[in-house]
Amino acid sequence: MIRRWPIRTWNVLCAFALLGLAAPLPAAVTLVPVLHDLAAPVFAGNAGDGSNRLFVVEQAGVIRVLQPGAASAATFLDLGPKILNGGERGLLGLAFHPDYAANRRFFVYYTRTPDGALVVAEYAASVNPDAADGAEKTLLVILHPTYANHNGGMLAFGQDRMLYIGVGDGGSGNDPPNNAQNLDVLLGKILRIDVDRADPAAGTPYAVPPDNPFVGRSGRDEIYAYGLRNPWRFSFDLVTGVQWVADVGQGMHEEVNMPIERGANYGWRVYEGFECTGNDPSACDPLRYRLPIFDYAHDGGRCSITGGYVYRGSQATLPGGTYVFGDFCSGEIFAWDGSTRRLLLATGQNIASFGEDEQGELYVVALGGTVSRMATALPCDYALTPVIATFPRDGGAASFAVSVAPGCTWTATSGAPWITLTGGATGNGDGIVTYAVAPHTGKAKKRSGTVAVAGSAVTITQTKDRPLVTRP
């Protein structure tokens with residue numbers, strides 16, 4: 001089924017969803033390291049239970065828990081034996097029940113061994129709040145029989161307390177079976193289920209909300225929206241409740257869709273971004289689909305969008321309402337203010353996910369093994385001590401101190417060939433630079449040079465005294 005939506009209705013919906021998106025971005029942001037030496041982390045999030053813990057998902061099947069202020073994370077749950085891991089497969093998603101503080105229930109999304117089927121399952125914390133009970137309750141299994149990629153993997157609860165599930169189209173290029181447009185399969189969709197009720201008549205441990213768009217009509221009841229390629233990461237705005245879905249593109253464009261509307265068709269495999277793919281030329285009518293709110297092309301090393309969050313943090317790291325996202329391939333972090341995409345930071349990392357803590361602050365999850373918190377870059381006022389040094393003609397060695405706030409990086413450079421840096425040529429925060437001054441063998445006069453750090457400099461002078469002449 002293809003549903004037409006009046007342009008006027010679409011404009012009104014977008015205008016509502018964009019309320020609160022604003023504005024001038026801060027001069028700079030930085031990443032503050034939180035965890036390192038993780039094994040392919042793919043997600044980070046919080047339990048919403050007031051503990052301020054951060055939970056990190058590792059692709060091979062381990063969920064780790066980080067206590068506030070701790071330097072390392074403990075194992076919360078190990079699902080390794082259940083997981084088919086590698087490439088785009090693995091333990092991919094985690095969501096905590098809105099009442100987790102009381103009921104200890106949480107949900108995971110993984111590709112199971114040996115067949116790669118997609119599993120949404122329920123677990124619970126044990127009597128020890130930092131360790132989960134290993135008993136699994138399987139909620140939903142989606143067969144994924146043909147290809148290893150495009151598994152989706154995101155789980156999140158909306159403000160309606162329903163669990164939303166992002167499912168990829170089943171893999172390969174151009175969605176050969178046209179799963180994303182087929183309402184009789186769950187691949188290529190956003191699903192919505194009620195995990196607080198079972199449905200004995202349907203034989204499912206969950207219920208379908210009665211206002212899901214295909215209840216009582218042709219199509220799977222669990223489907224909330226369709227026409228998606230690989231909705232790897234999505235999120236809900238903490239203030240407006242609007243859902244933002246970043247859909248990973250194929251060869252041309254990456255896209256962000258919002259708001260996600262009940263029963264809406266987001267175009268894949270007919271459209272990629274705003275472009276008709278040519279897969280189904282007769283279906284290339286933009287009025288039939290919800291086109292993205294924005295897209296971007298595969299240039300500058302960009303190739304795979306990683307969806308993030310609308311910033312609502314307490315530290316004012318960004319203007320409230322700024323949507324933050326990244327690109328896995330280029331390592332760039334971007335901000336969208338409702339009209340403009342701006343580069344926030346080039347990390348050089350493979351950004352697998354973003355995360356959100358209980359204060360609404362954002363985290364960056366790098367597949368290489370780190371989790372970092374986004375923070376406002378501090379003003380970097382560099383002080384050098386001493387700023388003057390004098391040497392005799394034979395030269396010598398000395399050092400000076402660099403004083404600056406943590407997170408402020410610097411590089412020392414010599415401004416003269418006779419001054420050689422011997423240590424501390426780069427640093428982050430406070431540091432010491434050591435250097436050597438060569439003997440002065442030139443003309444009998446004073447010479448001067450500098451060692452510069454971040455626009456400041458130590459001035460180094462050296463003299464060559466004329467030898468005393470004793471007359472007979």
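Residues count as buried under 20% relative accessible area, as exposed over 50%, and as partly exposed in between. The legends below apply these classes to close-up views of a predicted model.

**Figure 1. Ala316 in the loop between strand 20 and strand 21.** At 56% relative accessibility, Ala316 is exposed, because this value is over 50%. Strand 20 covers residues 305–310, and strand 21 covers residues 323–327. The phi angle of Ala316 is near 55°, a positive value in a residue other than glycine. Most residues other than glycine have a negative phi.

**Figure 2. Ala454 in the loop between strand 34 and strand 35.** This view shows another alanine with a positive phi, which for Ala454 is near 50°. The flanking elements are strand 34 (447–453) and strand 35 (456–462). Ala454 has 45% relative accessibility and therefore counts as partly exposed.

**Figure 3. The aromatic pair of Phe96 and Phe106.** The model contains 21 aromatic pairs. In the pair shown, the ring centres of Phe96 and Phe106 are 5.8 Å apart and the planes meet at 40°, a tilted arrangement. Phe96 belongs to strand 6 (residues 91–96) and Phe106 to strand 7 (residues 105–111), so the pair ties together parts that are 10 residues apart in sequence. Phe96 is buried, with 10% relative accessibility. Phe106 is likewise buried, at 0%.

**Figure 4. The edge-to-face pair of Phe391 and Tyr435.** The rings of Phe391 and Tyr435 lie 6.1 Å apart, centre to centre, with 70° between their planes. Because Phe391 is in strand 28 (residues 388–391) and Tyr435 is in strand 33 (residues 431–437), the pair ties together parts that are 44 residues apart in sequence. Phe391 and Tyr435 are both buried.

**Figure 5. An aromatic cluster and two charges over tryptophan rings.** One aromatic cluster is formed by Trp244, Phe294, Tyr296, Tyr323, Phe325, Phe334 and Trp336. In a separate close-up, the charged end of Arg233 sits over the ring of Trp232, at 3.7 Å from the ring centre. In a further close-up, the charged end of Arg229 sits over the ring of Trp268, 5.5 Å from its centre.

**Figure 6. The largest pocket and its lining.** The largest pocket holds about 690 Å³ of space. Its lining comprises 29 residues, and those nearest the centre are Asn46, Phe96, Phe157, Leu238 and Glu356. Phe96, the strand 6 residue of the tilted pair, thus recurs here as a lining residue of the largest pocket. At least two lining residues come from each of strand 2 (41–45), strand 6, strand 10 (155–157), strand 14 (233–236) and strand 24 (351–356). By class, the lining of the largest pocket has 15 nonpolar, 10 polar and 4 charged residues.

**Figure 7. The second largest pocket and its lining.** About 400 Å³ of space lies in the second largest pocket. Of the 21 residues that line this pocket, Gly87, Glu88, Trp232, Ser304 and Phe328 lie nearest its centre. Trp232 is the residue whose ring lies under the charged end of Arg233. The lining of the second largest pocket divides into 10 nonpolar, 9 polar and 2 charged residues.

**Figure 8. The largest cavity and the residues around it.** The search of the whole structure finds 1 cavity of 30 Å³ or more. The volume of the largest cavity is about 50 Å³. Its lining consists of Arg229, Asp247, Val248, Gly249, Gln250, His253, Glu255, Trp268, Tyr271, Glu272 and Gly273. Arg229 and Trp268, which place a charge over a ring, are thus both lining residues of the largest cavity. Strand 16 and strand 17 each contribute at least two residues to the lining. By class, this lining has 3 nonpolar, 4 polar and 4 charged residues.

**Figure 9. Two cis peptide bonds that precede proline.** Most peptide bonds are trans. The bond from Met258 to Pro259 is cis, with omega near -15°. Pro259 is in the loop between strand 16 (253–257) and strand 17 (271–272). The bond from Thr385 to Pro386 is also cis, with omega near -5°. Pro386 is in the loop between strand 27 (383–385) and strand 28.

**Figure 10. Gly429 in the loop between strand 32 and strand 33.** Strand 32 spans 426–428. Gly429 counts as buried, because its relative accessibility is 3%. The C-alpha atom of Gly429 lies 5.1 Å from that of Ala405, a residue 24 positions away along the chain.

Notes. Residues numbered from 1 in each chain as written. Predicted model: local features only at pLDDT ≥ 70, side-chain atom pairs only at ≥ 80, totals over all residues. Heavy atoms only, no water. Phe/Tyr/Trp six-rings, centres within 6.5 Å; stacked < 30°, edge-to-face > 60°. Helix = DSSP H or I, 4+ residues; strand = E, 2+ residues; numbered from the N terminus. Buried < 20%, exposed > 50% of the residue type's maximum accessible area, 1.4 Å probe, protein only. Lys NZ or Arg CZ within 6 Å of the ring centre and 35° of its normal. 1 Å grid on protein atoms, 1.4 Å probe; cavity = no way out; pocket = protein on both sides within 12 Å on 5 of 7 lines; lining within 4 Å. Points joined across faces, edges and corners; volume = space filled by probe spheres on them. Nonpolar A, V, L, I, M, F, W, Y, C, P; charged D, E, K, R; others polar.
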